[in-house]
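Hi everyone, thanks for coming. I'd like to walk you through a structure that is new to most of you, so keep the picture in view while I talk.

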Amino acid sequence: MKIEKEISKELQTSIAWTAVLTVLFILFNRSIEILWAMFLALPFFLVLYFLLFTIGKEHVSNQIRKWLNSDIKKIVIFPAALIVIYFGYVYLIGQNPFQGVISMVPYLVFFPVLVFAAHRKDVKKIDWLDFTVFVLFLLPITLIDANPAGNLPTAGNEFDSIYRIVMMLTSVYAFGIVRGLGNIGFFPEFKPKNFFTAIWVWLAFYGFVFIVGYSVGFIQIKGHDSASGELITKIALAIVTTFLHTALFEELFFRGLLQNMLAKRISQAKTWITFWKWGVAILIPLAILVGYTLDGGMKWFPALVTLLIFLVAFYIERSAVFAKGVYTALAITGVIFGLVHYHSGSIIYIGFACIAGWAYGYTWIKTRNVFYAALVHALVNSSALIFGLELMR
């Protein structure tokens, strides 16, 4: 009875969060010219975001896992339903669901689910298969330009796309439920303590970025003409859409999965220093390569930031105050997160992105919730607009 009450409570909170987001969805897309697109997307929006706000919750996921009971026929129901939803929406908006790289969607959805369904000898121990599946699942998602992605809505202010939501649902289902990876922390909540943690981390990080960035000419103060209602609406929309489209997706993969698995793997190995050394040996040369293959000054900046991040992690690990491996995993993940921003073409930006990776990962450690890390991420990405700044890349 207690479990049923907890599940009921979790479902009620999911409904509440979905309702709040739906109100924002309607408010930001209430233009008469795009009403048709909004109402067409609305049923899919409700179903997918309700699932997104529910699937990572403790009692719900445990109940699903218990019901699946390693039965492959039951395990494939959810990914099959996601594929039907995706292709159904793409067809309804008048696009060809079998065109180009989108034909890979069934593979992307079924691949991690089926691998973990077959590999259940020791669900507690993190091994190299877990990291292999992670890479083989993540790389196609990030490298392939999904078109049609199924934007919600197809016209107006997008609240992410069905493609990305399906990929997030697949990852939480495959890694969290089928694989049994714990502590992903993928569920919406509001706790004042965690909220204030996210806010101070954001302000501390961006304060540092502003001081350094302004001193080297990376940041310029542009200002706002006035604090109008239009500006406030623009900022609110930027935060919400960035949170849904970029931050939540990246934080799930980098913090909820990669940093999570790395920390567990290092803890199981019972020696953080080996992983720390390998991280330094691989990532510092890579940071040097990144700096010296891009145009601009301060080519040493990504390598310096990487070195400082690993030195901080080393000091914390040696202090014996925190669980071993937690900050080594944070350093490795944070630097990887920064270096994959190579596509930005900016040396300074990449260095700051490494530090941002530390800030997001630190938030995840303190809150154990991807949504708070994503909140910091969304605020950071929207800070130039919020404070009236311009980034000189």
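Let me start with one bit of vocabulary: when I say helix here, I mean a DSSP run of H or I that is at least four residues long, and the helices are numbered from the N terminus. Also, please keep in mind that this is a predicted model.

With that in hand, look at α3, the helix that covers residues 58–68. Right after α3 comes Asn-69, and its phi is positive, near 50°. Which residues of α3 are buried? They are His-59, Val-60, Ser-61 and Leu-68. And what covers them? The cover includes α1 (2–27), α2 (35–54), α4 (72–75) and α8.

That brings us to α8, so let's stay there for a bit. Helix α8 spans residues 162–178, and helix α10 spans residues 229–269. Their axes come within 10 Å of each other and cross at roughly 20°. Angles under 35 degrees count as roughly parallel, so α8 is roughly parallel to α10. As for handedness, the crossing of α8 and α10 is left-handed.

Who touches whom? On the α8 side, you have Arg-164, Met-167, Met-168, Ser-171, Val-172 and Phe-175. They meet a set of α10 residues that includes Leu-244, His-245, Phe-249, Leu-252 and Met-261. Sorted by class, the contact of α8 with α10 has 11 nonpolar, 3 polar and 1 charged residues.

Now keep your eye on Arg-164, since Arg-164 also takes part in a salt bridge. Its partner is Asp-160, and the closest N and O atoms are 3.4 Å apart. Are these two buried or exposed? Asp-160 is buried, with a relative accessible area of 0%. Arg-164, at 18% relative accessibility, counts as buried too.

A quick word on the background: side chains of opposite charge can pair when their charged atoms come close. How many salt bridges does the model have? The count comes to 4. I'll show you two others besides the Asp-160 and Arg-164 one.

One is between Lys-191 and Glu-189, at 4.0 Å from N to O. Here Lys-191 is partly exposed, with a relative accessible area of 45%, whereas Glu-189 counts as buried at 18%.

The other takes us back to α10, where the side chains of Arg-255 and Glu-251 meet at 2.7 Å, N to O. These two are 4 residues apart in helix α10, so about one helical turn separates them. Both Arg-255 and Glu-251 are buried.

And what else do Arg-255 and Glu-251 do? They are among the α10 residues that meet α13. Helix α13 runs over residues 326–339, and α10 packs with it at an angle of about 140°, with the axes 8 Å apart. Remember that the α8 and α10 crossing was left-handed; α10 passes α13 in a right-handed crossing. On the α10 side, the contact also includes Phe-254, Leu-258, Gln-259 and Ile-266. On the α13 side, you'll find Val-326, Leu-330, Thr-333 and Phe-337, among others. By class, the residues of the contact of α10 with α13 divide into 11 nonpolar, 3 polar and 3 charged.

Let's finish with a few loops. Just where α10 gives way to α11 (272–292), the loop between them holds Lys-270. Lys-270 has a positive phi of about 60°, although it is not a glycine. At 76% relative accessibility, Lys-270 counts as exposed.

Arg-368 is another residue to look up: its phi is near 55°, a positive value in a residue other than glycine. You'll find Arg-368 in the loop between α14 (347–367) and α15 (370–387), and it is partly exposed, with a relative accessible area of 37%.

Next, the loop between α7 (128–143) and α8 holds Pro-153. What kind of peptide bond joins Leu-152 and Pro-153? A cis one, with omega at about -10°.

Last stop: Gly-217, in the loop between α9 (192–215) and β1 (219–221). Gly-217 is partly exposed, at 37% relative accessible area. How far is Gly-217 from Gly-94? They are 123 residues apart in sequence and, C-alpha to C-alpha, 47 Å apart in space.

That's my tour, thanks for listening.

Key
Residues numbered from 1 in each chain as written. Predicted model: local features only at pLDDT ≥ 70, side-chain atom pairs only at ≥ 80, totals over all residues. Heavy atoms only, no water. Axes fitted to C-alpha atoms, helices over the stretch in contact; angles between N-to-C directions. Parallel < 35°, antiparallel > 145°, perpendicular 65-115°, else oblique. Left-handed = near helix turned anticlockwise from the far one by under 90°. Contact = heavy atoms within 4.5 Å. Nonpolar A, V, L, I, M, F, W, Y, C, P; charged D, E, K, R; others polar. Buried < 20%, exposed > 50% of the residue type's maximum accessible area, 1.4 Å probe, protein only.
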